[in-house]
Amino acid sequence: MFVREKIMRLADRIERLGSETAFTVSAEAAAFASEGNTVYPFHLGDINIMTPANIMDAAERAMREGKTRYCPNAGIPRLRELLAENVNRSHGINYTMENVSIQPGGKPVINKFLLALMNTGDEVLYPNPGFPIYESQIAFQGGKALPYGYVEGKETFTLDMDAIERQLTPRTKLLIFNDWQNPTSAECSLQELEKLSELAIKHDLYVLCDEAYYDVRYEGKSISLASLPGMAERCVILYTFSKKFAMTGWRLGAAIGPQDIIDVITRLNVNDESCTNHFVQYAAMEGLTGDQAPVRKMLDIFKARRDVAVDILNSIEGVRCFRPNVTFYLYPNITGAMKRKGFDDLEAFRKALLHETGVSVCTRLHFGHPLEGEKDCYLRLAYSGIDIEDIREGLGRFKAFVEG
Ligand code: PLP
């Protein structure tokens, strides 16, 4: 009775607050493992490789040197400068430290970007399938979420540009764009980026460029939408140390963009967390300026894992999977495999896979509600948190499950 009364008193907006259901899958996998079962963890984009030792040493040193108090709300100036220089080199933009606000992770940039720019009822285009926090935060803050999808091509997924164009109205104010995309690993061509920038300029949109996987790539070079002419003044980059430096649990990222928006985001820092963890920012400086060999080694490990996983997945009847050059996610189409096993419910397939083989994955359903006309079924596998032998073993079991 007491609990029920409490729930009745929650704010109405809580009904619109979503979640990141990959964490629910983690809990389910952990419960299954606690019963003595072997679990092959492909569900969460976490990294089972240690943060480079030089970064850990820098954090420890900073703590011992007393960097344990509050620091400036926008982050320590030297880190802001270094990050601006770093992004200028990779993106060809002219940021200064005034364009950088340090954050406790990349994720808070989503919430703060919307708080800074979205009014109630404003329309926001966002990717679906996509990182679930976009839709959650748009709805929670009273915006209107307009999903756009990705289309399965011959060698990769491509952005459904028509869906973006079709939905633009005078009320559309913001575009959330996640190149090197989670979950599809899609990457836009330069022509697509040019088209997007043309639309953003024509319709006067601000853009959140979620660049969480900018540096997680095995071949080629990332091109940011923010680098295109006329775009730096309307893009806020979500930068994160999580994936690039194996620092997911350290919680460190940044918002990088036009100074007037960055100033507002820093004012939100004052209201929320005061400042990002002080000594962790010294570790980040070491990450940016120190030895990059551990980062290259990690990418080599990921690439080997990717190749093993893709080869096995493509050997399974009714499964097809691209070999993306970016991120550490695979998004195989399993429509045929489900049919073969007699499943028409993706969630039922996922649960059966976990309980019969120990292979734990997310599915399309963990990345938003399927769009109208979407017929095929997809899983999302992360290979960042599982060793190559376990990838072989787990996906071998997956194969036997489907074909047996
Ligand atoms: N954006 C995307 C697309 C992600 O996949 C993630 C994490 O998985 C994030 C943002 C947030 O990462 P973090 O808060 O660890 O920087």
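## A walk through the predicted model

The buried residues of helix α2 are Ala22, Val25, Ser26, Ala29 and Phe32. Around the axis they cover an arc of only 125°, which puts them on the same side of α2. It helps to know from the outset that this is a predicted model, and that the description below follows its elements and some of its residues one at a time.

Staying with α2, we can ask what its buried residues pack against. They pack against α13, which covers residues 346-357, and also against β12 (359-360) and β13 (362-363). The length of the helix can be checked as well: at 1.5 Å a residue, the 13 residues of α2, numbered 22-34, should span 18 Å, and because the C-alpha atoms at its ends are 18 Å apart, the model agrees with that expectation. After α2 comes glycine 36, whose phi is positive, near 95°.

From this helix we turn to the sheet. In it, 7 strands are arranged in the order β2-β10-β9-β8-β7-β3-β4, forming an open sheet with mixed pairing. At its edges are β2 (100-103) and β4 (144-148), each of which pairs on one side only. From one strand to the next, the twist averages 20°. As general background, the strands of a sheet pair through backbone hydrogen bonds, and they may do so either parallel or antiparallel.

Two of the pairings can be followed in detail. Strand β9, residues 235-240, runs antiparallel to strand β10, residues 253-256, and 4 bridges join them; in this pair, tyrosine 239 stands opposite alanine 254 of β10. On the sheet packs helix α5 (residues 107-117), which touches β2, β3 (123-127), β7 (172-177), β8 (206-210), β9 and β10, and whose direction makes about 175° with that of β8. Helix α9 (residues 259-272) packs on the sheet too, touching β2, β8, β9 and β10, with a direction that makes about 30° with that of β2.

The second pairing is that of β2 with β10, which are antiparallel and joined by 4 bridges, and here glutamine 103 is found opposite glycine 253 of β10. In a regular strand the side chains alternate between the two faces of the sheet. In β2 both faces are covered, since Val100 and Ile102 on one side, and Ser101 and Gln103 on the other, are all buried.

Several single residues are also worth a careful look, beginning with aspartate 122, which is found in the loop between α5 and β3. Is aspartate 122 buried or exposed? Its relative accessible area is 7%, and because buried means under 20%, aspartate 122 counts as buried. Its side chain is joined to that of arginine 171 by a polar contact of 3.1 Å. If neighbours within four places in sequence are left aside, aspartate 122 is in contact with Leu117, Gly143, Lys144, Arg171 and Lys173.

Helix α8 (190-202) and the loop between β7 and α8 offer two further examples. Serine 185 has its place in that loop, and with a relative accessible area of 4% it is buried. Leaving aside neighbours within four places in sequence, serine 185 is in contact with Pro324, Val326, Thr327 and Tyr329. Serine 185 and tyrosine 206 are 21 residues apart in sequence, while their C-alpha atoms are 23 Å apart in space. Leucine 196, for its part, is found in helix α8 and counts as buried at 2% relative accessibility. Not counting residues up to four places away in sequence, leucine 196 touches Leu159, Met161, Ile164, Leu175, Phe177 and Leu225. Its C-alpha atom is separated by 32 Å from that of asparagine 314, which lies 118 residues apart from leucine 196 along the chain.

The last stop is asparagine 333, whose place is in the loop between β11 (329-330) and α12 (335-341). Asparagine 333 counts as buried, at 3% relative accessibility. With which side chains does the side chain of asparagine 333 make polar contacts? One is that of threonine 335, at 2.6 Å, and another is that of aspartate 376, at 3.0 Å. Not counting residues up to four places away in sequence, asparagine 333 touches Glu152, Gly318, Val319, Arg320, Asp376, Cys377 and Tyr378, so that aspartate 376 appears both in this list and as a polar partner of asparagine 333.

How values were computed. Residues are numbered from 1 along each chain as its sequence is written. This is a predicted model: local features need pLDDT of at least 70, side-chain atom pairs count only at pLDDT 80 or more; totals for chains, interfaces and linings use all residues. Side-chain values use heavy atoms; hydrogens and water are left out. Helices (H or I, at least four residues) and strands (E, at least two) are DSSP runs, numbered from the N terminus. The expected span of a helix is 1.5 Å times one less than its number of residues. Buried means under 20% relative accessible area, exposed over 50%, partly exposed in between (1.4 Å probe, protein chains only). The arc is that of the directions from the helix axis to the C-beta atoms. Contact means heavy atoms within 4.5 Å. Two strands pair if DSSP finds at least two bridges between them. Axes are lines fitted to C-alpha atoms, for helices over the stretch in contact, and angles run from 0 to 180 degrees between N-to-C directions. A polar contact is a pair of N or O atoms within 3.5 Å; within protein, one must be able to donate a hydrogen and the other to accept it, and residues adjacent in sequence count only if both atoms are side-chain atoms.
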